[in-house]
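This report describes a single protein chain, beginning with its charged pairs and moving on to its sheet, one of its helices, its cysteines and a part of its surface.

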Amino acid sequence: MCDDKEGLKPVSDVQSGDLLEARGLSKSFPARRGTLFGRRGTVKAVRDLEMNIRRGETLGLVGESGCGKSTLGRMLAGLEIPSSGTVCFEGKNIHDWRRNKLTAYRRKVQLIFQDPYASLNPRRTAGDTIAEPILLHEPGASRGRKDKVARLMEIVGLAPEQMARYPHEFSGGQRQRIGIARALALQPKLLIADEPVSALDVSIQSQILNLFSDLQQKFGLTYLFISHNLSVIRYISDRVAVMYLGKIVDLAPKEEFFHRPLHPYTRVLLSSIPLPQPGRRKERIIIKGDLPNPISIPDGCAFHPRCPFGMDICREIEPQLLERGGEHFVACHLRE
């Protein structure tokens with residue numbers, strides 16, 4: 001159970017196998033520009049979100065661009081301070097910790113970024129990049145550092161002889177392997193992978209995904225895998241969460257999620273997956289309109305202006321994320 005002082009209730013009872021839990025988590029940003037009449041608003045990137053990540057699992061997080069996936073990942077990594085709510089790691093509220101404990105937390109939770117080109121310093125060699133977390137968190141451990149970097153490079157499929165090369169001398173897939181090695185340098189428990197394969201060729205994507213699976217089995221890692229590609233999520237995830245305008249609207253085990261979609265937005269996403277076999281193709285569900293402006297989120301269910309099954313209650317009352325059987329949580333009045 002998360003040890004906090006706010007008394008917030010989680011989506012479900014916290015299990016002993018939970019590694020991380022978010023409770024009532026929200027994050028808002030001031031709008032950079034005023035409107036036509038000079039008014040300023042607030043971007044609600046994450047809204048009263050509750051979720052848990054179990055030890056040793058891969059939780060896939062999907063949603064449209066701008067729904068708050070990356071902001072959520074940065075908050076869970078401790079890089080963004082929530083506007084409200086708590087993040088609990090191994091049962092402890094990380095926002096109650098002092099600076100030294102937060103430093104220890106950042107050793108256990110590491111980020112892998114989307115762009116392997118922008119996430120590496122072009123003036124640092126691969127060896128220096130991988131060694132940087134060790135220098136920051138273990139300044140006295142200079143002996144054996146080079147051997148540790150060489151071992152990390154071998155683990156992610158790179159040759160230790162490439163240690164002195166600069167990022168421009170590597171391919172996109174190799175650069176992402178460097179980023180993964182850097183994230184592994186401090187032996188973390190949780191890796192937050194923010195679209196780690198979206199910038200890579202399809203053939204390279206499969207290699208990186210297999211690497212993630214091998215590393216999880218070898219080191220007992222836990223993943224939050226953020227992606228907009230449902231095929232990637234289906235391949236690597238144990239559970240899948242769908243995010244829409246800053247909230248989790250659907251959360252289920254992988255097979256349950258893909259074979260029994262309950263939320264209308266989930267059905268829309270699944271209908272958009274291209275299938276190579278014409279006989280297996282289903283009619284695509286087309287939704288009207290674009291993603292609403294996060295500055296002025298609709299009342300009630302945020303999805304109701306685009307939902308093909310919208311009802312009067314959807315425009316008035318926001319649905320809660322409740323279990324509908326089989327560990328399948330859905331926020332939809334249609335399921336009530």
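A residue is called buried when its relative accessible area is under 20%, exposed when it is over 50%, and partly exposed in between. The model discussed here is a predicted one. Because its relative accessible area is 33%, Arg74 falls into the partly exposed class.

**Salt bridges**

Side chains of opposite charge can pair when their charged atoms come close. Counted with a limit of 4 Å between a side-chain nitrogen of Lys or Arg and a carboxyl oxygen of Asp or Glu, the model holds 13 salt bridges. Three of them are set out below.

| Pair | N to O distance |
|---|---|
| Glu21 and Arg23 | 3.5 Å |
| Lys27 and Glu80 | 3.9 Å |
| Glu80 and Arg74 | 3.6 Å |

The pair of Lys27 and Glu80 links distant parts of the chain, since Lys27 belongs to strand S1 (residues 18-30) while Glu80 sits in the loop between helix H1 (69-76) and strand S4 (84-89), 53 residues apart. Lys27 counts as buried, because its relative accessibility is 10%. Glu80 also meets the side chain of Arg74 in a salt bridge, and Arg74, as noted, is partly exposed. Glu21 and Arg23 are both buried. Elsewhere, Arg55, Glu90, Lys108 and Lys189 are linked in a network of salt bridges.

**The sheet and strand S9**

An open sheet of mixed pairing is formed by 8 strands, in the order S6-S7-S8-S3-S9-S10-S12-S11. Strand S6 (109-112) and S11 stand at its edges, and because each has a single partner strand, one side of each is left without a neighbour in the sheet.

Which strands pair with S9, and in what sense? Strand S3 (residues 58-62) pairs with S9 in the parallel sense over 4 bridges, with Gly60 of S3 having Val240 as its bridge partner. Strand S10 (residues 247-253) runs antiparallel to S9 and is joined to it by 6 bridges; here Arg239 stands opposite Pro253, and Val240 stands opposite Ala252. The hairpin of S9 and S10 has 2 residues between the strands, and in it Leu245 takes a positive phi near 50 degrees.

Strand S9 (residues 239-244) is largely enclosed by the rest of the structure, because 6 of its 6 residues are buried. Arg239, Ala241 and Met243 point one way from the strand, whereas Val240, Val242 and Tyr244 point the other way, and all are buried.

**Helix H3**

In helix H3 (residues 126-137), the buried residues include Ala126, Gly127, Thr129, Ile130, Ala131, Pro133 and Ile134. Their cover includes helix H4 (145-155) and helix H5 (172-184).

**Cysteines**

With a limit of 2.5 Å between cysteine sulfur atoms, the count comes to 0 disulfides. Cys332 is in no disulfide, as the nearest cysteine sulfur, that of Cys307, is 6.3 Å away. Cys332 counts as buried because its relative accessibility is 7%, and Cys67 is likewise buried, with 1% relative accessibility.

**A nonpolar surface patch**

Phe309, Met311, Ile313, Ile317 and Leu334 form a nonpolar patch on the surface, and together they have about 380 Å² of accessible area. Within this patch, Ile317 lies in the loop between helix H9 (264-271) and strand S11 (322-323). Because its relative accessible area is 45%, Ile317 is classed as partly exposed.

Note on methods
Residues are numbered from 1 along each chain as its sequence is written. This is a predicted model: local features need pLDDT of at least 70, side-chain atom pairs count only at pLDDT 80 or more; totals for chains, interfaces and linings use all residues. Side-chain values use heavy atoms; hydrogens and water are left out. Patches are made of residues with over 30% relative accessible area and no salt bridge: like charges are joined within 9 Å, nonpolar side chains (Val, Leu, Ile, Met, Phe, Trp, Tyr) within 5 Å. Accessible areas come from the Shrake-Rupley method with a 1.4 Å probe; for residues, only the protein chains shown count as cover. Buried means under 20% relative accessible area, exposed over 50%, partly exposed in between (1.4 Å probe, protein chains only). Two strands pair if DSSP finds at least two bridges between them. Contact means heavy atoms within 4.5 Å.
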